[in-house]
Amino acid sequence: MLVSASVLFASPVPGARQPVDPQAAWLAYNAVDAQRVFPAGTAMPNTVLRLGDSAVEISAADELHRGFEGMLHRILRLDTDAVQASKDHDLIVIGTAKEIAAWRPSLREKKPLQPEGFRLRSVVAGKDSLLIVEGADERGALYGAFTLLRMIAEERPLTQLDDVEAPSAAVRWTNEWDNPDGSIERGYAGRSIFFDKGDVRQDMSRAREYARLLASVGINGCTINNVNADPSLLRPEKLAEIARIAAAFRPYGVKLSLSIAMNSPQAIGRLSTFDPLAPEVAAWWRAKVDEIYKAIPDFGGVIIKADSEGQPGPLQYGRTPAEAANVLARALKPHGGVVLYRGFVYNHHLDWHDPKADRARAGYDNFHTLDGQFDDNVIVQIKNGPIDFQVREPVSPLFAGLHKTNEAIELQITQEYTGQQRHLVFLVPMWKTALDTDMHVSGMRYSMVRDIVTGRTFRRPMGGFVGVANVGLDDYWLGHPLAMANLYGFGRLAWDPVLSSATISDEWTRLTFGNDADVRSVVDTLLLNSWHIYEEYTGPLGVGTLTDIIGVHYGPGIESAERNGWGQWIRADHNGIGMDRTVATGTGYIGQYPAGLAAEYETLKACPDELLLFMHHVPYTYRLHDHKTVIQYIYDTHYAGATAAAVQVPAWETLEGKVPDRTYFEVLRRLNYQAGHSLVWRDAVVNWFHRMSGIADDKGRVGNYPDRTEAEAMQLERYVPVAVTPWETASGGKAVVCHTASCSASMGFTRATGWYDIAVQYFDLREGASRFTLEVNGTAIDTWKADDTLPSQKLDGHTSTRHTSHDVALHSGDRISIIGVPDGKEPAPIDYLEITPASGSERSVRRKGPQEEIHGNKDH
Ligand code: GCV
């Protein structure tokens, strides 16, 4: 009586590709078909001639060397001597436009390149066959080199190459929410690559490699510390340490910037005030900024989170965000630095009794009256949605509310509300919906969000893209290997927000895994469907992620959104659900949008279904555009989403041996986990709404689990039943826990003899590694440890986890038991057992044994 459980198929597969370095990410430089890149008649270069000697150009030439070696097995000769190099006729030449024109005046192009842009050309001149990488400046040359390498990785022919590109906006930065102690707020991939125990790390190799990855997609800035900033980082001794990070970034043209706390003049400067209008405060900031530039001459600027979630800010002195921002802006101006002032300013002590109170209004209310008051080197950094990175939000109305102010969009790469890199969610399609939203600003031809943040709509000199990345020391940088498509996608969109999600996903897949058609098709499909799937089993119709809002933002925790000051209310009662944000009867939020968009959101008829509950409060029986009721939509999408999450597993399994083994198993483990956790989400949400609405599921699924046996209903030896909070995160609201050395829960199997999958739903708390053993008639058939570090020490929606033992032969009358052995603070908790006919998984390992008697020729 044996099984194939996940542990049994984690061994390397013969013939599978050898492991590659996961840290290389999309710069894997897998071998390509050279003949596709250099078809007959096109010469492959032997030499790279570097015309400039800046650190950035040196990186560019080195990268070409590295890429050619990996992808084409060609070791390029690196040369800086034009005369010497000219002896070779097949050359890559890299330099700035100025350097190239000085080298060969005939190559000068009339049309100047845009800052940080580049031109890639193949030129045949006499005997010479040249691939020219020409940057507007050093960064342009580096971006050109990376682009050329991407073309090679995609096996695009370089014959008659003529590609001119420039970034969409000046600011293309990541924010890292790293703390000096080495922890990372909302980081899900290990500890900081910059800090440890209060100091900057000695080893800067990961910081340097990170800058290389960022540069490869055109990102030119990185803010290294949490926006909930620790003022001590501005102390002189810390600035000297931070300068080492800037030095690691410099060869890749990535400017370092810092999050600052507005109260720094008081906290570390010993002033009695931090009032931005006090002359001594302005003087303190000037001196501090001068000191920063002494240590870091190419410092990018500062980011400010103020008057938000407990952070100090100008409000304390009756001053405005503009007054605060400008003090810093004036100190930075002489050095060419910028201020990114976050629009995420809101009151988290809102009165939930007040039907007019609305957190979504805060950004617009706090900033739009200040339009025109910000200095030219200030950029207001606005989260894509008005709340906080939910699985679905409309775009922030503030984008259209500032006509005389520079703006940047803040996107979240780290998956705080979207599965924390344990669930697969490719966020690019979500970001695209924000960037491609037409704000219908009156009188403006171009007013999509992407036009606004790139400065085109309101003719602003500056603007851009900020991505909250939170990479960590994990080998895969973001934990989930496929999550790197989000970092890649952020960079590509910042460079060119018109790119489609499908283009970005396919580029990333090809760069990471090569050009195999099967791999591309499977990975692209997984990526492109993933946001929709996640949305289906989490938050419906724009209501929000339905996660534990006042906790870790991971698993389900539906009611946590209600009746507190944080303002992420869903206003669900027995009759209906949703925030009434209309002008007519609600909070008036919709009135913050330009008229065209406001008209669409204001009426139920025109409001898109996916934003319905963000904009309106409706009864559960309200019918959507396809006539389905809201409640039935909630039921159906949660079932569909969980089913789709499960199907990701066999899709990925088709790639065994086609992607590096380690990545294959890392992804497989997570997809299996996600399939289980999506059921936790599904059940929590549908049961909660079932109880709240009292309306049955048309299809009879909700509350009806014929294959399930609750642990508390089993025969318990030493296990004791407990109530779980919130109730919807455990089946039947209860589980069992063990407070002695070992406990058991048993049941008799009374169904027909046959092959079954046995799923055990248990809770895997952050600390402790309880052991579970599944026995049939006293024989152990599977054993596993609850040794994950999920983000909770309680039995709840974060920790509920599923382990499935596949293809178990069961006879009617068998006795099934789970033996739990607690560990430390983890009492081996069990929720339920679910026994379903065997799914016939391809992973099955058939064993000789009693099963042969049951289905002698059963073929999986
Ligand atoms: C860094 C959300 C997150 C916080 C984060 C904040 C912000 O509220 O949960 O961790 O703080 O956004 O963006 O400032």
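A polar contact is a pair of N or O atoms within 3.5 Å; within protein, one must be able to donate a hydrogen and the other to accept it, and residues adjacent in sequence count only if both atoms are side-chain atoms. The structure is a predicted model, in which local features need pLDDT of at least 70 and side-chain atom pairs count only at pLDDT 80 or more, whereas totals for chains, interfaces and linings use all residues. Residues are numbered from 1 along each chain as its sequence is written, and side-chain values use heavy atoms, with hydrogens and water left out.

Consider the ligand. It is surrounded by 14 residues (each with a heavy atom within 4 Å of it), and the closest are E185, K305, R342, K383 and E416. This shell comprises three nonpolar, three polar and eight charged residues; Ala, Val, Leu, Ile, Met, Phe, Trp, Tyr, Cys and Pro count as nonpolar, Asp, Glu, Lys and Arg as charged, and the others, Gly among them, as polar.

Polar side-chain atoms lie at 2.6 Å from a ligand oxygen atom for K383, at 2.7 Å for R342 and at 2.9 Å for R186. On its own the ligand has 340 Å² of accessible area (Shrake-Rupley method, 1.4 Å probe), of which the protein covers 97%.

Which residues lie nearest the centre of the second largest pocket? They are D307, L315, V345, Y346 and N347, among 22 lining residues. These 22 divide into seven nonpolar, nine polar and six charged.

Key. On a 1 Å grid over the protein atoms alone, a cavity is a set of points where a 1.4 Å probe fits but cannot get out, and a pocket is an open set with protein on both sides within 12 Å along at least five of seven lines; lining residues have an atom within 4 Å of a point.
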